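Student: Could you take a close look at one part of this protein for me, the salt bridges and the charged side chains around them? I'd like it tied into the rest of the chain.

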Amino acid sequence: MVATEAEGPATDRDGIPHYRMFIGGEWVDSDAHYDVIDPATEELVATAAKGGIAHADAAVAVAKRSFEGGAWRATPPLERAAVIDRVVAELTSRMDEFSEIGSRECGFPQRLSQAICVGFPLLHMQHYADLTRRYAWERPGPVAGQVLSAGLVRREPLGVCVGIVPWNFPLLLAVWKAIPALAAGNSVVVKVDEKTPIAGLGLAQMLRDAGVPDGVFNVVTGDGETVGAHLVAHPDVRKVSFTGSTAVGREVMRNAADTIKQVTLELGGKGPNIVLDDADLDVAVDGAAYAFLLHAGQACESGTRLLLPSSLHDEFVGRLVERLKTLRIGNPLDPATDIGPVMGPAQHRRILDYIRRGRQEGATLVHGGTVPAGPGFAKGYWVEPTVFTDVRNDMCIAREEIFGPVLSVLRYDSVDEAVKLANDTEYGLSAGVWSQDIPRAMEVAGRLQAGSVWINDWHNISAGLPFGGFKQSGNGRELGPDALDEFTEQKAVTVDLSGRVDRRAYGLVLGTPPTA
């Protein structure tokens with residue numbers, strides 16, 4: 001490991017920005033590096049240090065020392081909230097910079113990047129700052145029943161917390177993991193994804209400048225199967241928060257089991273989007289498109305199974321296809337672009353393979369299904385918005401998470417059948433219902449097995465509401481008041497109020513005290 005004293009995460013290497021890890025308050029380089037590639041052009045955007053197990057160990061060690069030193073966890077919650085406020089102010093002033101990072105690093109179209117890569121992190125950090133100010137860090141407990149005593153319940157930080165962040169929403173999900181953990185007084189190690197490390201390293205700089213002590217917040221890079229797995233299994237780590245696939249989530253649980261770590265998992269999804277026969281189609285058609293096309297479908301909570309009543313099926317599909325024809329696919333930096341690229345060659349191959357499998361299984365391709373035509377798509381990783389009809393719920397495109405702009409349309413003839421189809425999945429992250437009859441929609445929502453159910457909308461994730469999955473979509477919750485619950489332990493403190501030995505329960509074991 002080589003520590004350097006430059007002010008920020010990036011240096012210049014052969015005319016290309018080079019990003020280093022942040023460990024113990026220092027920018028740390030390594031001999032190996034990753035290439036950060038623009039998914040729209042395949043151009044080299046930057047390089048980043050490639051972390052290894054030694055870097056992970058170093059980050060955990062300094063995080064543990066900082067926690068045991070106690071300076072940050074002893075900082076009053078109001079002061080910790082003020083630090084978050086300063087980060088909010090700094091990110092606000094750098095909105096254009098981080099929006100461009102989202103477009104170049106992840107392929108977000110510009111206006112979406114402004115909202116998702118900057119706007120959402122700002123809203124959610126401000127929520128955490130406000131929550132930190134009003135959270136019940138201590139509350140009185142009931143008077144104990146055996147003897148005269150009083151109780152106090154405290155929420156205390158866990159220790160070293162690890163956040164493992166995927167490539168699809170790198171800054172937003174780093175904020176979800178790091179900021180509530182810091183607000184609760186923990187020390188934190190974030191492992192950013194090797195494909196999208198820039199925004200997370202920028203967060204480290206902002207937290208340092210805002211006053212987080214050295215060692216309290218650290219960012220490492222590295223492969224998930226080595227560095228990520230090592231962090232999860234590390235005996236000095238008390239909490240792991242992971243966002244990613246269900247398959248990797250199972251490995252995280254296994255690796256964390258030996259040391260009984262607390263684990264929060266936000267995993268895959270196959271969101272059922274139920275349109276009832278009284279839906280407002282002007283809203284629902286656009287809503288269905290938005291549900292499966294946000295970030296080119298690369299969102300766990302996407303609405304990728306559209307359930308239509310037979311009475312509306314043909315009209316709805318026809319209107320949806322016509323709407324998709326109006327969308328502009330192309331350069332993420334162009335403000336007119338609606339749909340950007342998918343995240344790289346492996347993701348590109350995976351999505352196109354699912355499209356081939358859908359056709360082989362007998363689904364009908366009614367729109368898209370290939371790479372857009374034209375010179376602007378000769379490089380980059382492009383997939384047209386794709387719609388299949390005649391989909392059965394046992395087809396792979398209806399059961400497996402594709403993580404791309406692919407929609408499976410299923411027919412139903414009764415609401416009971418729609419609910420059964422919606423719940424017939426290993427996932428349970430998101431669901432939606434479209435109806436002009438809100439009580440009716442609420443009744444259907446109550447029958448759906450999902451952590452978030454949107455009525456007449458999709459992707460409406462509120463910082464004040466818990467977010468997480470049922471079934472194999474994960475466990476634990478992020479956002480809402482649960483965000484701080486997940487990064488604290490409850491401690492019950494009981495104080496005797498009697499002041500006398502004969503008023504306590506000792507006699508149950510010790511008998512009558514001897515007389516003097």
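Tutor: Let's go through the salt bridges first, then a few buried residues, then the chain as a whole.

A word on the ground rules: this is a predicted model, where local features need pLDDT of at least 70, side-chain atom pairs count only at pLDDT 80 or more, and totals for chains, interfaces and linings use all residues. Residues are numbered from 1 along each chain as its sequence is written, and side-chain values use heavy atoms, with hydrogens and water left out.

The structure holds 29 salt bridges, a salt bridge being a side-chain nitrogen of Lys or Arg within 4 Å of a carboxyl oxygen of Asp or Glu. One of them pairs Lys177 with Glu478, with 3.0 Å between the closest N and O atoms. Lys177 sits in helix α5 (residues 170-183) and Glu478 in the loop between β22 (474-475) and α15 (482-485), so the bridge links distant parts of the chain, 301 residues apart. Helices here (H or I, at least four residues) and strands (E, at least two) are DSSP runs, numbered from the N terminus. Both Lys177 and Glu478 are buried. Buried means under 20% relative accessible area, exposed over 50%, and partly exposed in between, using a 1.4 Å probe and protein chains only.

Next comes Arg440, which forms a salt bridge with Asp277, the closest N and O atoms being 2.9 Å apart. This pair also links distant parts of the chain: Arg440 is in helix α14 (residues 438-445), while Asp277 is in the loop between β15 (272-275) and α9 (281-293), 163 residues apart. Arg440 is partly exposed, at 26% relative accessible area, and Asp277 counts as partly exposed too, at 46%.

Asp416 and Arg447 have side chains that meet in a salt bridge as well, at 2.8 Å from N to O. Asp416 lies in helix α13 (residues 415-423) and Arg447 in the loop between α14 and β21 (452-455), so this bridge ties together parts that are 31 residues apart in sequence. Arg447 is partly exposed, with a relative accessible area of 31%. There's a network of salt bridges to look up too: Asp85, Asp130 and Arg133 are linked in one.

Now for a charged residue without a partner. Glu301, in the loop between α9 and β16 (305-309), is buried yet has no salt bridge, and the nearest side chain of opposite charge, Lys177, is 12 Å away. For charges, Lys and Arg count as positive and Asp and Glu as negative; His and the chain ends are not counted. Leaving out residues up to four places away in sequence, Glu301 touches Leu429, Ser430, Trp454, Trp458, His459, Ile461 and Phe467, where contact means heavy atoms within 4.5 Å.

Asp193 is another acidic side chain to click on. Its place is the loop between β11 (187-191) and α6 (198-210), and Asp193 is buried, with a relative accessible area of 11%. With residues up to four places away in sequence set aside, Asp193 touches Val165, Pro166 and Trp167.

Two uncharged residues help fill in the surroundings. Trp72, in the loop between α1 (53-69) and α2 (77-93), is buried at 5% relative accessible area. Beyond its neighbours within four places in sequence, Trp72 is in contact with Arg80, Val83, Leu182, Gly185, Asn186, Val212, Pro213 and Val216. Ile116, found in helix α4 (residues 110-134), is buried as well, at 9%. Not counting residues up to four places away in sequence, Ile116 touches Phe108, Pro121, Phe169 and Leu172.

Zooming out, the protein chain has 16 helices and 23 strands, and of its 516 residues, 56% count as buried. Among contacts with a separation of 6 or more, 71% are between residues 24 or more positions apart. The C-alpha atoms fill a box of roughly 95 × 60 × 40 Å along the principal axes. As for charge, the chain has 49 positive and 66 negative side chains, and the centres of the two sets lie 5 Å apart, with each charge placed at NZ of Lys, CZ of Arg, CG of Asp or CD of Glu.
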